[in-house]
Amino acid sequence: MISRHRKGMMWPRMAWTLAAAVPVAFLAVFFFWPVATMLARGFISDGGFDLSAFRDVLGSMRTWRIVWQTVWMALAGTFFSVLLGIPGAYILYRCEFPGRRILRSVATVPFVLPTVVVGVAFRALLHKNGAYGFLGLDGTTTAVVLAMVFFNFSVVVRTVGTMWASLDPRSVDAARTLGAGPARTWLTVTLPALGPAIASGASLVFLFCSTAFGIVQTLGRPGYGTLETEIWVQTTTYLDLRTAAVLSFLQLGIVTVAMVVSRRAQTGSEAALSMNEGGAHRLRRSDIPALVATLVVVLLLVAAPLVALVVRSLRKDGAWSLENYRLLATSGQGFSGGTTVLEAMNHSVRIAADATWIALAIGVPLALVLSRRVRNPALARSQRLLDSAVMLPLGVSAVTVGFGFFVTLQGPPLDLANSPWLVPLAQAVVALPLVVRSLVPVLRAIDPQLREAAATLGAGPGRIIATVDGPFMLRGLGLAVGFAFAISLGEFGATSFLASPDYLTLPVVIARLLSRAGADNYGMAMAGAVILAVVTAGVMAICEALQPRAAGRKA
């Protein structure tokens, strides 16, 4: 009988070990090995380590100017994304009104657009002859920060909104019953409960802002780059892997600090979720300021560049025309053969679908492992280390990841040079942190008493996951699928290194069109970006529609 009991305890432990081991192996092979190899090529000289590059790079004032530029723009982009995103999360996830789902989709589209195209759209808006030309922001770092907020507003809205929609409304009702006003209830009940989601969203935004590439290239002033753009220049222009490696280490340092701050901000601020999303209500008079703020942001910051993009795609030789869309069946001016925009769209969807299911297959069990409360100090430290390791792909330069894949996975022992899985695997590595970050806050906020009650009633670990974790996970799964597909569909940095000439993705083709002179190429790039935005918005809308709806709502 004791032996049978031990066997019954052994299987759950083996299952949890496997759930952690597979993601660790995936990250080791497809992230840490390629990145370490790329960095090692930059540091190893004549068969030994040569640290002179550290002295040269760290002793340069240009390096520290670039570091400061990277940090302050990322902090500014994060601050305003959170400031504007919290009211948006409330309106779009806690209030009921006609068109709410459409508004959600519109707010999500910018996050997945190719950065170069968005940079061009913002420049068109901010040019002296553009709609926002009177602001005098063309070519300034303020324009770059605005574009960062444009991208990351939806990250905060969705990350915080998903948690907000799942909060148990009884806590707020109890506070109001005890005489707390709306402001005090918000500060003492709602805000602490949203702490994990806000910290998670802010850390993601900071990572995205600190690794921005296309918008800095197209909107920033000459000579004022970021670590990401400088790594690109040193790698592709000067082939100086040693300098690029030192800059990558600096970037990793910034990312590590961001993750530590995020971890401390989340500690002790997790709230219990309710199975019934009964807190959603119709718009009240007190919701008007948040509604107005959200509409202003969506219309003037989010929709305006999108409108400019659509307008430019419909203009040909100063007149309205669909010619740019007709040309999508060709490869553009100055190209002999090659992938057309329509073919590239097909390639992108197929690759993104493969990358999404890979990221989900690795990310779902990983989220379950990371969301468990463990009492063993050694296991708790291992859990925190694994959580931090999962976030690293977001903070490492996409150039470093792509070049690392190029030098390690296109030869022995894993020769994936001609494999159709090379690009999906790279995109899955980039998408994995988004999948995990979409699921972990929701799973961590589950009341442990629910699991304990299920175990008391005789449910095994598998049954507990299916009946307790499963319903809550479904609320974040749509967000996880949408983000994974979207980030894969719009990924450019790593894919530009790895995509074969006869199987290019749409972001790579758009970048090629923008790099070539000619009105047809520019118009095709705009039209292709519109198609990319429409497909992405459609996928996100489907993911929203497939999420479980509330069983009941308050009027």
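**Exercise 1. A loop residue**

Is Leu504 buried or exposed, and what is its relative accessible area? Locate the residue in this predicted model and describe its surroundings.

*Solution.*
Step 1. Leu504 lies in the loop that connects helix 20 (493-498) with helix 21 (506-515).
Step 2. The relative accessible area of Leu504 is 8%. Buried means under 20%, so Leu504 is buried.
Step 3. With neighbours within four places in sequence left aside, Leu504 contacts Thr339, Ala344, His347, Ala499, Val509 and Arg512.
Step 4. A further pair is Leu504 and Thr340: 164 residues separate them in sequence, while their C-alpha atoms are 9.0 Å apart in space.

**Exercise 2. The protein as a whole**

State how many helices and strands the protein has, what percentage of its residues is buried, and which residues have the most contacts inside the largest nonpolar core.

*Solution.*
Step 1. The secondary structure consists of 22 helices and six strands.
Step 2. Of the 555 residues in the protein, 55% are buried.
Step 3. Consider contacts between residues at least 6 apart in sequence: 81% of these join residues at least 24 apart.
Step 4. The largest nonpolar core comprises 136 residues, and Phe26 and Phe405 have the most contacts inside it. Another core, of 27 residues, lies apart from it and includes Met345, Leu489, Met524 and Met526.

**Exercise 3. Span and bend of three helices**

For helices 12, 17 and 6, compare the end-to-end distance with the expected span, and identify the residue at which each helix bends.

*Solution.*
Step 1. Helix 12 covers residues 288-313, and its 26 residues should span 38 Å at 1.5 Å a residue. The end C-alpha atoms of helix 12 are 35 Å apart, which agrees. A bend of about 50 degrees occurs in helix 12 at Ala303, and the proline Pro305 follows within four residues.
Step 2. Helix 17 covers residues 422-444, and its 23 residues should span 33 Å at 1.5 Å a residue. The distance between its end C-alpha atoms is 33 Å, which agrees. Helix 17 has a kink of about 35 degrees at Ala431, shortly before the proline Pro433. As to burial, 23 of the 23 residues of helix 17 are buried.
Step 3. Helix 6 (residues 141-166) has 26 residues and reaches 37 Å from first to last C-alpha, close to the 38 Å expected at 1.5 Å a residue. Its bend is about 40 degrees, at Asn152. Helix 6 is mostly covered, with 24 of its 26 residues buried.

**Exercise 4. Two helix pairs**

Give the packing angle and the distance between axes for helices 10 and 16 and for helices 3 and 4, then classify the residues in each contact.

*Solution.*
Step 1. Helix 10 (residues 227-237) packs with helix 16 (residues 398-408) at about 35 degrees, the axes being 9 Å apart.
Step 2. Helix 10 contributes Glu228, Ile231, Trp232 and Thr235 to this contact, and helix 16 contributes Ala398, Val399, Thr400 and Phe403. By class, the contact of helix 10 with helix 16 holds five nonpolar, two polar and one charged residues.
Step 3. For helix 3 (residues 61-94) and helix 4 (residues 100-108), the angle is about 145 degrees and the axes are 9 Å apart.
Step 4. Ile91, Leu92, Tyr93 and Arg94 of helix 3 meet Arg100, Leu103 and Arg104 of helix 4. By class, the contact of helix 3 with helix 4 has four nonpolar, no polar and three charged residues.

**Exercise 5. Three residues in helices**

Determine why Arg437, Ala529 and Gln251 count as buried, and list partners of each in sequence or space.

*Solution.*
Step 1. Arg437 belongs to helix 17. Its relative accessibility is 8%, and therefore Arg437 counts as buried. Residues up to four places away in sequence not being counted, Arg437 touches Ser200, Leu204, Asp387 and Met391.
Step 2. Ala529 is placed in helix 22 (residues 519-546). Because its relative accessibility is 0%, Ala529 counts as buried. Not counting residues up to four places away in sequence, Ala529 touches Leu113, Val117, Leu309 and Ile510. Ala529 and Leu113 are 416 residues apart in sequence, with 7.1 Å from C-alpha to C-alpha.
Step 3. Gln251 is in helix 11 (residues 241-266). Its relative accessible area is 3%, so Gln251 is buried. Gln251 and Ser397 are 146 residues apart in sequence and 7.9 Å apart in space, C-alpha to C-alpha.

Key
Residues are numbered from 1 along each chain as its sequence is written. This is a predicted model: local features need pLDDT of at least 70, side-chain atom pairs count only at pLDDT 80 or more; totals for chains, interfaces and linings use all residues. Side-chain values use heavy atoms; hydrogens and water are left out. The expected span of a helix is 1.5 Å times one less than its number of residues. The bend at a residue is the angle between axes fitted to the seven residues ending there and the seven starting there. Buried means under 20% relative accessible area, exposed over 50%, partly exposed in between (1.4 Å probe, protein chains only). A nonpolar core is a set of buried Ala, Val, Leu, Ile, Met, Phe, Trp, Tyr and Cys residues joined through side-chain atoms within 4.5 Å. Axes are lines fitted to C-alpha atoms, for helices over the stretch in contact, and angles run from 0 to 180 degrees between N-to-C directions. Contact means heavy atoms within 4.5 Å. Ala, Val, Leu, Ile, Met, Phe, Trp, Tyr, Cys and Pro count as nonpolar, Asp, Glu, Lys and Arg as charged, and the others, Gly among them, as polar.
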